[in-house]
Amino acid sequence: MGDEVAAQEFTPADRTRYREKVRRCLDVFERMLRESAFDTDDPWTGIEVELNLVDEAGDPALRNDEVLDAIDDPGFQTELGQFNIELNLPPGPLADGGLIACEERLRESLNAAEERSAALGAHQVMIGILPTLAPEHLTDEAISANPRYRLLSEQILGARGEDITIDIHGVERLRTTVDTIMPEAACTSTQFHVQVSPERFASYWNASQAIAGVQIAVGANAPYLLGKHLWAETRIPLFEQATDTRGEELKVQGVRPRVWFGERWITSVFDLFEENVRYFPPLLPVIDEEDPLTVLEAGGTPNLSELRLHNGTIYRWNRPVYDVAGGLPHLRVENRILAAGPTVVDTVANAAFYFGLVRALAENDRPLWSQMSFSAAEENFHAAAQHGIDAEVYWPGLGRVQATELVVRRLLPLAHEGLAAWGVGADEASRYLDVIEQRCLHHTNGADWFARQMQQRHDEDRYDALRAVLGEYRTRMHENEPVHRW
């Protein structure tokens, strides 16, 4: 989604041609699923981490261009807001020390980047929403220089036809109106990628949807926005509202939102791409010269550029990804549920929990989703986003249960089984899954810790308290002690 797109205007004819090309890509994709050899021999996993930039006081540092120039590492990329950057770790296998290697690479990359960015007075923070953001940071002036982002903002606002209202009821209430998608930039996430075969894709996506709520419950890390204490993972309602192209009338009519949990279990990856084409009009109708059918019939692997670009403007919490590497096509589930942090070890622990649990459930002979309604999974997702570590969720065979109890008694053993199936050693698995267990036993995660520290400063000016707590958060983040020990 960070690819360069030249600033331009689109005509109705552009949109018609683009729709036709996307549908042609979809037809070719369907044929590829039947006939092509997808890369499935050595499935890899990957992690992307979005970061916030702050100055010495803890306020947003709108300097990502300068920071990226100073870091000078192709693994770091721009993001929507000038106070955001993103780190993409090289993908690799989980077997033979993959999780430990991931932690080491992540720490090395972030430490090197922090050293260079600090010389500019900009520091990196791994947190779901930067708590010191103020209204002036969510305007057009804070959009990154990449023309793609301004163009995307214009297209979403144009499709909506009116300003965007952000209205979130949490511990406190926030209601504000914006004329840009910059509130989306407030939402920084970690994306876990898992490569799967076309035959197994539906099982892995369904499993990812089923566990979304428990992921958030143990990993919530975004309790404050614009000075208000809202949800444990405020990213969820904020992102859903900040990129909503629907006016009130379209919502009432049942038009689907572009930030979407979905509405059903699937039987094929094709279901998701087909829904994207059928339900959502194009936002960025940029047409590539490639004829995908000609490429396929010549024995090549088409890029399907239009289908991929369209898919990138529909923000499923578990997104299907088609990509090409080494001349071979492959498929990935992109899990976009969680924020980064509070520390590197917490982030890798979240990854281990996801990769292990999703594999165990996806490979189970009796699918979890055959015992659980899709609406129950969605209700778990939003309940956990609101209540975090205190969330109660539904689980087949148990009914309603505390998420922490479910994780400790039922899901962590499954995650251990799944990691073993990936080839992760028992000691390595325990290093990270024990972090998840201790969060549950101590009943704390990033959001809970931050909220408790703020409560101790309840008599101070709100933004002064936010800066102080964020400063302590950043210090502890660099120490890499997991949040349950803070």
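Student: Leaving aside neighbours within four places in sequence, which residues is Phe 353 in contact with?
Tutor: This is a predicted model. Neighbours of Phe 353 within four places in sequence are left aside. The contacts are then Val 218, Val 407, Leu 411, Leu 412, Ala 415, Leu 433 and Ile 436.

Student: Which helix gives the most to the largest nonpolar core?
Tutor: That core has 161 residues. Phe 353 is among those with the most contacts inside it, along with Phe 29 and Phe 450. The top contributor spans residues 344-362 and gives 14 residues: helix α12.

Student: Is Leu 94 buried or exposed?
Tutor: Leu 94 is found in the loop between β3 and α3. Beyond its neighbours within four places in sequence, it is in contact with Thr 45, Leu 99, Phe 355, Trp 422 and Val 424. Buried means under 20% relative accessible area. Leu 94 has 5% relative accessibility, so it counts as buried.

Student: Which charged residue sits over the ring of Trp 422?
Tutor: Trp 422 is one of the contacts of Leu 94. A charged end also sits over the Trp 422 ring, 4.5 Å from its centre. That end belongs to Arg 359.

Student: Why are Asn 64, Val 67, Leu 68 and Ile 71 on the same side of α2?
Tutor: These four are buried in helix α2, residues 64-71. An α-helix has 3.6 residues a turn, so residues three or four places apart point the same way. Here the four lie on the same side of α2 because they cover an arc of only 95° around the axis.

Student: What do the buried residues of α2 pack against?
Tutor: The residues concerned are Asn 64, Val 67, Leu 68 and Ile 71. Their partners include strands and a helix. They are β1 (45-54), β2 (76-78), β3 (84-88) and α3 (98-118).

Student: What phi does Asp 72 take?
Tutor: Asp 72 comes just after α2. Its phi is positive, at about 55°.

Student: How are the rings of Trp 260 and Tyr 279 arranged?
Tutor: A pair of aromatic rings is described by the distance of the centres and the angle of the planes. The centres of Trp 260 and Tyr 279 are 6.0 Å apart, with 80° between the planes. Planes over 60 degrees apart count as edge-to-face. The pair is therefore edge-to-face.

Student: How far apart in sequence are the parts that this pair ties together?
Tutor: Trp 260 lies in strand β10 and Tyr 279 in helix α9. Trp 260 is buried at 5%, while Tyr 279 is partly exposed at 22%. Arg 256 lies over the face of Tyr 279, at 3.7 Å from the ring centre. The parts tied together are 19 residues apart.

Conventions
Residues numbered from 1 in each chain as written. Predicted model: local features only at pLDDT ≥ 70, side-chain atom pairs only at ≥ 80, totals over all residues. Heavy atoms only, no water. Buried < 20%, exposed > 50% of the residue type's maximum accessible area, 1.4 Å probe, protein only. Helix = DSSP H or I, 4+ residues; strand = E, 2+ residues; numbered from the N terminus. Arc of directions from axis to C-beta. Contact = heavy atoms within 4.5 Å. Core = buried A, V, L, I, M, F, W, Y, C linked by side-chain atoms within 4.5 Å. Phe/Tyr/Trp six-rings, centres within 6.5 Å; stacked < 30°, edge-to-face > 60°. Lys NZ or Arg CZ within 6 Å of the ring centre and 35° of its normal.
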